[in-house]
Amino acid sequence: MPSPEPALVRDAFATLQATLGETCTPGAGDCAYFLGRVTRELTELDASMRADSKGPGHFAKPLADMKALFATLGEDRTEAHLEKHFSAIVGTRDGINTWMQDHPDDYR
């Protein structure tokens with residue numbers, strides 16, 4: 001069975017944007033879902049941007065930011081590891097939100 005196509009950039013961004021009002025407190029035991037979700041949403045947005053007809057060059061800044069984050073995270077998605085990189089995860093999400101707000105044609 002073929003893999004499903006990546007979501008459209010606007011759809012992938014909408015699900016990431018839905019996390020903007022959420023947070024957690026590292027060490028309090030409430031971060032597994034939140035940080036896992038944000039990381040998953042960033043991974044899906046990365047795939048969408050790479051597959052978009054505008055080409056990855058159009059999304060150079062957010063793709064570079066996600067690449068740096070994913071390099072930092074590696075394959076470890078445990079709560080403790082994600083909490084260690086809380087600021088990088090949330091900062092990447094917030095930076096991409098700002099970039100996308102400056103490029104409304106990419107998600108309408």
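In this predicted model, the side chains of Asp105 and Lys54 come together in a salt bridge, with a distance of 3.2 Å from N to O. This pair links distant parts of the chain, since Asp105 belongs to the segment after α5 (86–101) while Lys54 belongs to the loop between α2 and α3 (60–73), and the two residues are 51 residues apart. Asp105 counts as partly exposed because its relative accessibility is 48%, a value between the limits of 20% and 50%. Lys54, at 39% relative accessibility, counts as partly exposed for a like reason.

**Salt bridges in the chain**

Side chains of opposite charge can pair when their charged atoms come close. In this chain, the count comes to 7 salt bridges, and three of them are set out in the table, with the accessibility of each partner beside the distance.

| Salt bridge | Closest N to O | Relative accessibility of the partners |
|---|---|---|
| Asp105 and Lys54 | 3.2 Å | Asp105 48%, Lys54 39% |
| Arg37 and Glu22 | 2.9 Å | Arg37 15%, Glu22 27% |
| Asp11 and Arg10 | 2.8 Å | Asp11 35%, Arg10 36% |

The salt bridge between Arg37 and Glu22, whose closest N and O atoms are 2.9 Å apart, also links distant parts of the chain, with Arg37 in helix α2 (residues 32–51) and Glu22 in the loop between α1 (9–17) and α2, 15 residues apart. Are the two partners of this bridge buried or exposed, or something in between? Arg37 counts as buried because its relative accessibility of 15% is under 20%, whereas Glu22, with a relative accessible area of 27%, is partly exposed.

In the salt bridge that Asp11 forms with Arg10, the closest N and O atoms are 2.8 Å apart. Here Asp11 counts as partly exposed at 35% relative accessibility, and Arg10 counts as partly exposed at 36%.

**A network around helix α2**

Which residues are linked with Arg37 in a network of salt bridges? They are Glu22 and Glu41, so named because a side-chain nitrogen of Lys or Arg within 4 Å of a carboxyl oxygen of Asp or Glu counts as a salt bridge. Glu41 has its place in helix α2, and with a relative accessible area of 10% this residue is buried. When residues up to four places away in sequence are not counted, Glu41 touches Thr15, Leu16 and Thr19.

One of these contacts, Thr19, lies in the loop between α1 and α2 and counts as buried, at 0% relative accessibility. If its neighbours within four places in sequence are left aside, Thr19 is in contact with Phe34, Arg37, Val38, Glu41 and Arg93, a list that includes Arg37 and Glu41 from the salt-bridge network.

**Other residues in the helices**

Leu45 is also found in helix α2, and this residue is buried, with a relative accessible area of 0%. Not counting residues up to four places away in sequence, Leu45 touches Val9, Ala12, Phe13, Leu16, Met66 and Ile96. The C-alpha atoms of Leu45 and Arg77, residues that are 32 apart along the chain, are separated by 17 Å.

In helix α5, where Thr98 has its place, this threonine counts as partly exposed at 48% relative accessibility. The C-alpha atoms of Thr98 and Glu75 are separated by 26 Å, and these residues are 23 residues apart along the chain.

**The chain as a whole**

How many helices and strands does the chain have? There are 5 helices and 0 strands, and reading along the sequence gives the pattern α-α-α-α-α. The radius of gyration is 14 Å, close to the 13 Å that the globule rule gives for 108 residues, and therefore the chain is as compact as a globular protein of that length. Taken along the principal axes, the C-alpha atoms fill a box of roughly 40 × 35 × 20 Å.

Buried residues make up 39% of the 108 residues in the chain. Among contacts between residues at least 6 apart in sequence, 66% join residues at least 24 apart. The chain exposes about 6,000 Å², and carbon and sulfur atoms supply 55% of that area. As for the charges, the chain has 11 positive and 17 negative ones, and their mean positions are 3 Å apart.

Definitions and conventions: Residues numbered from 1 in each chain as written. Predicted model: local features only at pLDDT ≥ 70, side-chain atom pairs only at ≥ 80, totals over all residues. Heavy atoms only, no water. Buried < 20%, exposed > 50% of the residue type's maximum accessible area, 1.4 Å probe, protein only. Helix = DSSP H or I, 4+ residues; strand = E, 2+ residues; numbered from the N terminus. Rg over C-alpha atoms; globule rule 2.2 N^0.38 Å. Contact = heavy atoms within 4.5 Å. Areas by Shrake-Rupley, 256 points an atom, 1.4 Å probe, with all protein chains shown as cover. Lys, Arg positive; Asp, Glu negative; His and termini not counted. Charge placed at Lys NZ, Arg CZ, Asp CG, Glu CD.
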